[in-house]
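Hi,

Here is the structure I said I would pass on. Have a look at it first, and my notes follow underneath.

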Amino acid sequence: MLEHAIAELFGQQAAEDPPPTRASVTAAARRGRSRRRRRQAAIAASPALAAGAVLAIAFGGIIPAGALHPQTAPTKPAGSASQAPRLFNPLRSYASPGWLPARQSASHFVAQFSRLEDQYSGLTGVGLTFYARGVCRLSSRSFACGWPRDPAAPQLSLPRVDLGRPIGDLSGHAAYWRLSSGPGIGTLTWQYATGGWAMVRVPDLRDALRMVRSLRFGKAAGPSAAFAFQLTAVPADWRVNSVTTQVDDGVRYASSFSISAGLVDTTLGLVTSPRQVVMVETGPEYGSSCESYFRHAAYRRQLVEGNEAFVLLRPQAWDSGAKSGLCTVVDGVLASVITDGRSGQSATDLLAHHMRFLGPDPANWTTRPVVRS
């Protein structure tokens, strides 16, 4: 939900008349690296603040009932199941986009996969979000999405009116359309299968319906993400908890992923996993220079099993909750590894004994990033 709110906010900003630009590529790159370093700390921020941001943007998009009249009735998406999965597989998408509006391509989407949520986000605000069974619930008074199997997790409730107005039927369930106030991005919300809700964000309702009709569902919906290395012989309860993917040279690769001790059911964006033990960032997005990646962070250079590593001296300053961290480049592929105290492993231990690099050719990369002992 947080990514949804951010996408709408970006769209609102894009719709406004900006002042004359004083663009600096160097400054933009510096800001991007700074934002990337603060990402984990931001994710760990108060869920209440995140929920408030979502609500503030959501209320701004309410439109009067009857404002839209679609000329074609929605149809059931091809390949949709009668019942939504209880959990998704974070190593591959459960649902993938098919047809997209002009100048849009799935290769431009950043995709995030977790056990409860799959999400595709584009720079223009176009995007898709799918929730596993039971994550979102619609009652006579509210539409709520949260963590139903974790009573200690925060709940985020949105007034039902935020869904917009009913526009017809999709997959045997009601669908709702809502226009945002500023950027001309609308949200089509529908129940794609029993217990499972989805959202498509696109400017035009007709395009939204066409996107829904072309969606692919199931294990063969899309390719598995490619990982540039494996973590081998790690504890038996380690599981990949969430994966962020991007496309480079036609390959959808994992640019970052997190590992938890045991199965943890969380959605993306609002809170970190309560049992997350390792966070990894890798791939072309982060370049191939650890000096540039860490920039002003305090680190020492260290040889670990013949590989030069930049070991963080104050990992908590880089990532809240981190106990150890390093960056290394092997065969031109940069990998950053952050561990917390619950991992039982330091970042240097992982590099020395558990990281198996697969070379620069994506054809040799793996879809199994963790091999347990």
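Are C290 and C327 buried or exposed? Both of them are buried. Keep in mind while you read on that this is a predicted model.

Those two cysteines are worth starting with, as they form a disulfide, with an S to S distance of 2.1 Å. The count for the structure is one disulfide, so to speak a short list under the cut-off of 2.5 Å between sulfur atoms. The link of C290 and C327 is left-handed, with -80° about the S-S bond. It joins distant parts of the chain: C290 sits in helix α5 (residues 290-294), C327 belongs to strand β19 (residues 324-330), and the two are 37 residues apart.

Next, the aromatics. Searching the whole structure turns up 18 aromatic pairs. One of them is Y94 with F217, an edge-to-face pair at 6.0 Å centre to centre and 70° between the planes. This pair, too, links distant parts of the chain. You will find Y94 in the loop between α3 (47-59) and β1 (95-96), while F217 is in strand β12 (residues 216-217), 123 residues apart from Y94. Y94 and F217 are both buried.

Another pair to look at is F227 with F257. Their ring centres are 5.1 Å apart and their planes stand at 85°, so this pair is edge-to-face, because planes over 60 degrees apart count as such. F227 lies in the loop between β12 and β13 (229-234) and F257 in strand β15 (residues 251-261), so the two rings tie together parts that are 30 residues apart in sequence. F227 has a relative accessible area of 1% and F257 one of 2%. Buried means under 20%, so F227 counts as buried, and so does F257.

There is also a cluster of rings: ring pairs link Y286, Y293, F294, Y299, F310 and W318.

Finally, a word on confidence. The protein chain averages a pLDDT of 75, and 70% of the residues score at least 70. Over residues 1-80 the pLDDT is below 50. In the model, that stretch has 124 contacts beyond near neighbours in sequence.

If you open one view, try the disulfide of C290 and C327, then move to the ring cluster that includes Y293 and F294.

Cheers

Definitions and conventions: Residues are numbered from 1 along each chain as its sequence is written. This is a predicted model: local features need pLDDT of at least 70, side-chain atom pairs count only at pLDDT 80 or more; totals for chains, interfaces and linings use all residues. Side-chain values use heavy atoms; hydrogens and water are left out. Helices (H or I, at least four residues) and strands (E, at least two) are DSSP runs, numbered from the N terminus. Buried means under 20% relative accessible area, exposed over 50%, partly exposed in between (1.4 Å probe, protein chains only). Rings of Phe, Tyr and Trp (its six-membered ring) pair if their centres lie within 6.5 Å; planes under 30 degrees apart count as stacked, over 60 as edge-to-face and the rest as tilted. pLDDT is the predictor's confidence in each residue, from 0 to 100. Contact means heavy atoms within 4.5 Å.
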